[in-house]
Amino acid sequence: MKLLEYQGKQLFEANGIKVPRGQVVASAEEARTAAEALGGNAVLKVQVPVGGRGKAGGIKLIDSADEAPLVAEKLLNMEIKGFSVEKLLVEEKMDIAKEIYLGLIVDTDTGNIVMLFSPEGGMDIEQVAEEKPEKVFRLVIDPTSPPPFYRLRPFIRQGGFSGKLLNELTQFAYNLLRLFLERDLLVGEINPLIVLRDGRVVAGDSKVEVDDNALFRHQFEVNFWEDSDELEKEAREIGVTYVKLDGNIGVIASGAGLGMGTMDLLEEVGLAPANFLETGGGITEELMYKATKLVCKNEKVSGLIINLYGGVNPIEKGAKGIVRAIKELNPAPPVVVKALGNKQEECWETLRSGGITVVNSVRTEAAVERLVELMATQKQ
Ligand code: GDP
Ligand code: MN
């Protein structure tokens, strides 16, 4: 998952990487308020998941808050490299003395991490590497024994820095590396890393990509789903993970792996999931009731598969919630529940007496097959 600049900067800030003061906005009026808070001297930056926004006209400097609404209006109506602009980051305008490049990437060939550093930042690192290869420094990092602070210092010193600035830049490199390793990032880049005229250093931009496969392992300080739709917002309030997808089969699973597996099996028989929903370990009757209702609010849903494992989860209580939700739906889609674990018999009994199809096989394939049958009979 690629983060937008402002999300990456939130992550930076929470991890000791200094960023400019600023605020993300979605309207011209909000832009004015944000610019006022910065004393009028501001930069407005379009938030799209691609670089090169400066060259594409997506970054504008203003001198007074009065300019903000008009400039913001223009930017919000732009399309940058195929992305329509929904949000702007309004930041303090910086008095730039120097732009530096600092980045971490995964070398997929070796599995190592490479830190790249160049005193000539601001533009594409590929371009610097091509034109002035002697100005790009590479440090191969073994993720199992990352370099301590004092090893990074000589690496950064190659850029011609010394004294307080050298220490400050090393601190950025160290904090970025720690963040990268702790959160399984795939890309963590600061370009430009800005040295201000007053000597301070701040991350002028962020390019962060999180490994989707590792998302479940971390508690990020960033709300990735801020721009998500109503159902996704509602899901957060309920306390479940919900991602809307394009298909028509609702999916509810008690764990991420179980959910992914279910989705794969649906796709194998030519069905497409309408969503991914993971309850986590907090199943209650109420939570299952709300989750079932939520998934079925998506008008596309014409079948529902629920796959639960009762370890810590009281699936017999969850069953009551499912029955209650389905009874209230009119029309209700065909539903198949596979639930295994603690008190499974009680769970099945509740579901069956509530008119819901239960598959008591350990194989999710069986549940998928049953759903296909139910959907076919309903069509007739
Ligand atoms: P990108 O083009 O999408 O990578 O966006 P960046 O955030 O890297 O900004 C591109 C360029 O805009 C930077 O390299 C800076 O030269 C310039 N820029 C961004 N913010 C400021 C600012 O506050 N003041 C000034 N003077 N220039 C800025
Ligand atoms: Mn940049």
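Helices (H or I, at least four residues) and strands (E, at least two) are DSSP runs, numbered from the N terminus. Residues are numbered from 1 along each chain as its sequence is written, while chains are lettered from A and ligands numbered from 1 in the order in which they are written. The model is predicted, with local features needing pLDDT of at least 70, side-chain atom pairs counted only at pLDDT 80 or more, and totals for chains, interfaces and linings taken over all residues; side-chain values use heavy atoms, without hydrogens and water.

**Exercise 1. The overall fold**

Task: Describe the protein by its secondary structure, its extent, its burial and its contacts.

Solution.
1. Count the elements: there are 12 helices and 18 strands.
2. Take the extent: along its principal axes the C-alpha trace spans about 75 × 50 × 30 Å.
3. Sort residues by relative accessible area, where buried means under 20%, exposed over 50% and partly exposed in between (1.4 Å probe, protein chains only). Of the 380 residues, 50% are buried.
4. Turn to contacts, meaning heavy atoms within 4.5 Å. Among those between residues at least 6 apart in sequence, 67% join residues at least 24 apart.
5. For the surface, use accessible areas from the Shrake-Rupley method with a 1.4 Å probe, where for residues only the protein chains shown count as cover. The protein exposes about 18200 Å², and carbon and sulfur atoms supply 49% of this area.

**Exercise 2. The manganese site**

Task: Find the protein donors of the manganese ion (ligand 2) and place them in the chain.

Solution.
1. Donors are N, O and S atoms within 2.8 Å of the metal (3.2 Å for Na, K and Ca); water is not among the atoms, so sites may look incomplete.
2. The protein donors are N191 (O) and D205 (OD), at 2.1 to 2.3 Å from the ion.
3. N191 belongs to strand β10 (residues 185-196) and D205 to the loop between β11 (201-203) and β12 (207-210), so the pair ties together parts 14 residues apart in sequence.
4. Check burial: N191 is buried at 11% relative accessibility, and D205 is buried at 17%.
5. List what N191 touches beyond four places in sequence: I100, Y101, G121, G122, M123, D124 and D205.
6. Look for polar contacts, which are pairs of N or O atoms within 3.5 Å; within protein, one must be able to donate a hydrogen and the other to accept it, and residues adjacent in sequence count only if both atoms are side-chain atoms. The side chain of N191 reaches the backbone nitrogen of G122 at 2.7 Å.
7. Inspect the backbone: the peptide bond from N191 to P192 is cis, with omega near 10°. P192 also sits in strand β10.

**Exercise 3. The surroundings of ligand 1**

Task: Which residues are closest to ligand 1, and which polar atoms lie by its oxygen atoms?

Solution.
1. A residue is near a molecule if one of its heavy atoms lies within 4 Å of it. Ligand 1 is surrounded by 18 residues, of which K45, R53, G54, M94 and E99 are the closest.
2. Take backbone atoms: a backbone N or O atom of G52 is 3.2 Å from an oxygen atom of ligand 1, and a polar backbone atom of G54 is 3.0 Å from an oxygen atom of the ligand.
3. Take side chains: an N or O atom in the side chain of E99 is 2.6 Å from an oxygen atom of ligand 1.
4. Work out the cover: ligand 1 has 570 Å² of accessible area on its own, and the protein covers 80% of it.

**Exercise 4. The two sides of helix α3**

Task: Identify the buried residues of α3 (residues 68-76) and what covers them.

Solution.
1. The buried residues are A68, P69, V71, A72, L75 and L76.
2. Seen down the axis of α3, these residues fall within an arc of 165°, so they line one face of the helix. The arc is that of the directions from the helix axis to the C-beta atoms.
3. An α-helix has 3.6 residues a turn, so residues three or four places apart point the same way.
4. The face turned away from the buried side carries the exposed residues L70 and K74.
5. The cover over the buried residues of α3 includes α2 (28-37), β2 (42-46), β3 (59-62) and β6 (88-92).

**Exercise 5. Backbone exceptions**

Task: Locate K81 and D184, and give their phi values.

Solution.
1. K81 is not a glycine, yet has a positive phi of about 50°. K81 lies in the loop between β4 (79-80) and β5 (83-84) and is exposed, with a relative accessible area of 52%.
2. D184 has a positive phi near 55° and is likewise a residue other than glycine. D184 lies in the loop between α6 (163-182) and β10.
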